Amino acid sequence: MSEKANTNDKNYPYGWLRWLVVAVLTVGGIVLNSVYGDEPVLYRVVGLVVVAAIALWIAIHTERGSSVWEVIKSSQTEVRKVVWPTRQETHQTTLIVVVLVILMAFILWGLDSILGWIASSIIG
């Protein structure tokens with residue numbers, strides 16, 4: 001266990017400091033976006049994207065950030081393995097869902113009408 005901790009420390013030194021820098025960059029980007037609220041939106045968006053990219057790059061170079069990045073890459077691999085439905089299957093499934101929704105709407109409308117009629121008969 002301690003050997004694993006030593007390897008992680010060697011691969012990602014000062015992880016807490018990097019996360020502090022990420023937090024400062026994130027908060028700084030938000031604050032500066034509101035301070036420079038009179039500037040054109042394009043400049044503010046470009047600035048936020050640059051700050052976010054820098055913060056993301058720093059975060060990826062930490063132990064947890066690296067593991068999250070590996071999960072993201074492996075999930076992309078899994079998405080490529082998915083067999084997506086064809087256009088015809090999608091249309092058929094959508095048609096079935098629409099028909100069932102309309103059918104349930106009529107059933108619930110009829111049930112509501114009957115129960116409303118019964119309630120109004122009881123109440124007077």
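Start by selecting residues 87-123, which form helix α5 (helices are DSSP runs of H or I with at least four residues, numbered from the N terminus). Its 37 residues should span 54 Å at 1.5 Å a residue, and the end C-alpha atoms are 53 Å apart, so the two agree; the expected span is 1.5 Å times one less than the number of residues. Now click on Gly-124, just after α5: it has a positive phi of about 130°.

A quick word on what you're looking at: this is a predicted model, where local features need pLDDT of at least 70 and side-chain atom pairs count only at pLDDT 80 or more, while totals for chains, interfaces and linings use all residues. Residues are numbered from 1 along each chain as its sequence is written, and side-chain values use heavy atoms, with hydrogens and water left out.

Next, select Gly-15, Val-22 and Gly-29, the buried residues of α2 (buried is under 20% relative accessible area, exposed over 50%, with a 1.4 Å probe and protein chains only). They sit on the same side of α2, because they cover an arc of only 45° around the axis, taken from the directions from the helix axis to the C-beta atoms. Flip to the other side of α2 and you'll find Trp-16, Val-24, Val-27, Ser-34 and Val-35 exposed.

What covers those buried residues? Part of the cover is α3, so add 41-60 to your selection (contact means heavy atoms within 4.5 Å).

Technical notes:
Helix = DSSP H or I, 4+ residues; strand = E, 2+ residues; numbered from the N terminus.
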